[in-house]
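Me: I am new to this structure. Please take a close look at the salt bridges, and then set that part against the rest of the fold.

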Amino acid sequence: MMGNEPLQLLADFVHRYPDLLVLSGAGISASSGVPTYRNNEGQWQRRPPVQHGDFLNNHGTRQRFWARNMVGWRFMRDASPSPSHFALAALEALGMIRSVVTQNVDGLHQRAGSRRVIDLHGRIDRVRCLGCDALFHREDIQRWLEQHNRPFAQQVGEVGPDGDAELDELDYSALQVCECQFCGGTLKPDAVFFGGTVPQQVVAEAAAELQRAEALLVVGSSLMVYSGFRFCRWAAAQGKPIAVINQGKTRADGLVALKLSLPCDELLPALVSHLWSGVAG
């Protein structure tokens, strides 16, 4: 059970800095059934996902990716936001959160009602043509994949945080890969793969939000990936305090003013109740 002290420490932080930028990671979606890449020590606990360069340069890699993603998408499409997602949406409604920068690609912040969300690593519910830049709904691509690859569509496997599914070693060489209906180009989820680069416009937008915020609150991230960790470095350089809610160590533990190693699904809803009671009172 959570004692009163962590809640009070977090409430004091939010009251002191009521214009927060939130940086969220995979831990916030864990109770939605979306597993994390890393354990509490920040170490990998599943096979690394497909690399950006391999996807672009190897048709066999694209076949393997789409076979696994075809299975994983069904789960990601139907996943529900966690109590933490709803709590952050409520904190935004209370005027405590400027915006959320999320490292996740699952879109669950938006489903929970958060309105100011920057998807740092993109979204897997969109698919982009690398040739002509056309955008497609992921569900439309799913229908095509299932219609043209019925044996693969029946597979099941453990789902990862990027919508990838762990399947038994299969022969993917027969899988048909959907191409752009306009130019015949390669289609890729509109998300940053490992080894890829976050678009500079997205980085600039998120950095500007941090510049305007009073403090940074990190939720459910080990910050082992530099694209997230650099927000802590920027906040520290700007003299802005950092609070972290994460079970296990993070890359930024030496920079933070407040570290709470507790489940965010306990702490954030309790914070909302605490703040609502103060407003009601």
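Reply: A residue is called buried when its relative accessible area is under 20%, exposed when it is over 50%, and partly exposed in between. The model is a predicted one, and the burial of each partner is given below along with the contacts.

A search of the whole structure finds 13 salt bridges. A good place to begin is Arg 126, whose side chain meets that of Asp 190 with N and O 3.2 Å apart. These two residues come from distant parts of the chain, 64 residues apart: Arg 126 belongs to strand E4 (residues 122-129), while Asp 190 belongs to strand E8 (residues 187-191). What is the burial class of each partner? Arg 126 has a relative accessible area of 30%, so it is partly exposed. Asp 190 has 17%, which makes it buried.

Next comes Arg 128, whose side chain forms a salt bridge with that of Asp 133, at 3.0 Å from N to O. Arg 128 has a relative accessibility of 23% and therefore counts as partly exposed. Asp 133 is also partly exposed, at 49%, a value that does not reach the exposed class because that class requires over 50%. Which residues do shared partners tie together? Arg 126, Arg 128, Asp 133 and Asp 190 form one network, joined through salt bridges that have partners in common.

Asp 133 is notable for its backbone as well. It lies in the loop between E4 and strand E5 (135-137), and its phi is near 75°, a positive value in a residue other than glycine. Most residues other than glycine have a negative phi. Leu 223 offers a second case, with a positive phi of about 60° although it is not a glycine. Leu 223 sits in the loop between E9 and helix H9 (226-237). Its relative accessible area is 1%, so Leu 223 is buried, whereas Asp 133 is partly exposed.

One further salt bridge pairs Asp 125 with Arg 123, and there the closest N and O atoms are 2.6 Å apart. Asp 125, at 24% relative accessibility, is partly exposed. Arg 123, at 13%, is buried.

Now for the rest of the fold. There is an open sheet of 6 strands, paired in parallel and ordered E3-E2-E1-E9-E10-E11. Which strands stand at its edges? They are strand E3 (117-119) and strand E11 (258-260); each has a single partner strand, so one side of each is left without a neighbour in the sheet. On average, neighbouring strands of the sheet are turned by 15° against each other, direction ignored. At the E11 end, strand E10 (residues 242-245) pairs with E11 in the parallel sense over 3 bridges. Ala 243 has Leu 258 in E11 as its bridge partner.

Two helices lie across this sheet. Helix H1 (residues 4-16) crosses strand E1 (20-24), strand E9 (215-219), E10 and E11, and it runs at about 140° to E11. Helix H8 (residues 200-212) lies across E1, strand E2 (97-102), E3 and E9, at about 145° to E3.

Nonpolar side chains form another part of the picture. The largest nonpolar core has 28 residues, and those touching the most other members are Leu 10, Leu 91, Leu 217, Val 219, Ile 245, Leu 268 and Leu 271. At least two core residues come from each of H1, E1, helix H4 (83-93), E2, E9, E10, E11 and helix H10 (264-280). H10 supplies the largest share, 6 residues. Leaving aside residues up to four places away in sequence, Leu 10 touches Leu 217, Ile 245, Leu 258, Leu 260, Leu 267, Leu 268 and Leu 271. Among these contacts is Leu 258, the residue that bridges to Ala 243.

A last stop is Ala 153, in helix H7 (residues 150-153). Ala 153 counts as buried because its relative accessibility is 10%. Beyond residues up to four places away in sequence, Ala 153 touches Met 70, Arg 74 and Glu 146. Between Ala 153 and Gln 142 there are 9.5 Å from C-alpha to C-alpha, with 11 residues separating them in sequence.

Terms used:
Residues numbered from 1 in each chain as written. Predicted model: local features only at pLDDT ≥ 70, side-chain atom pairs only at ≥ 80, totals over all residues. Heavy atoms only, no water. Pairing = 2+ DSSP bridges. Helix = DSSP H or I, 4+ residues; strand = E, 2+ residues; numbered from the N terminus. Axes fitted to C-alpha atoms, helices over the stretch in contact; angles between N-to-C directions. Contact = heavy atoms within 4.5 Å. Salt bridge = Lys/Arg side-chain N within 4 Å of Asp/Glu carboxyl O. Buried < 20%, exposed > 50% of the residue type's maximum accessible area, 1.4 Å probe, protein only. Core = buried A, V, L, I, M, F, W, Y, C linked by side-chain atoms within 4.5 Å.
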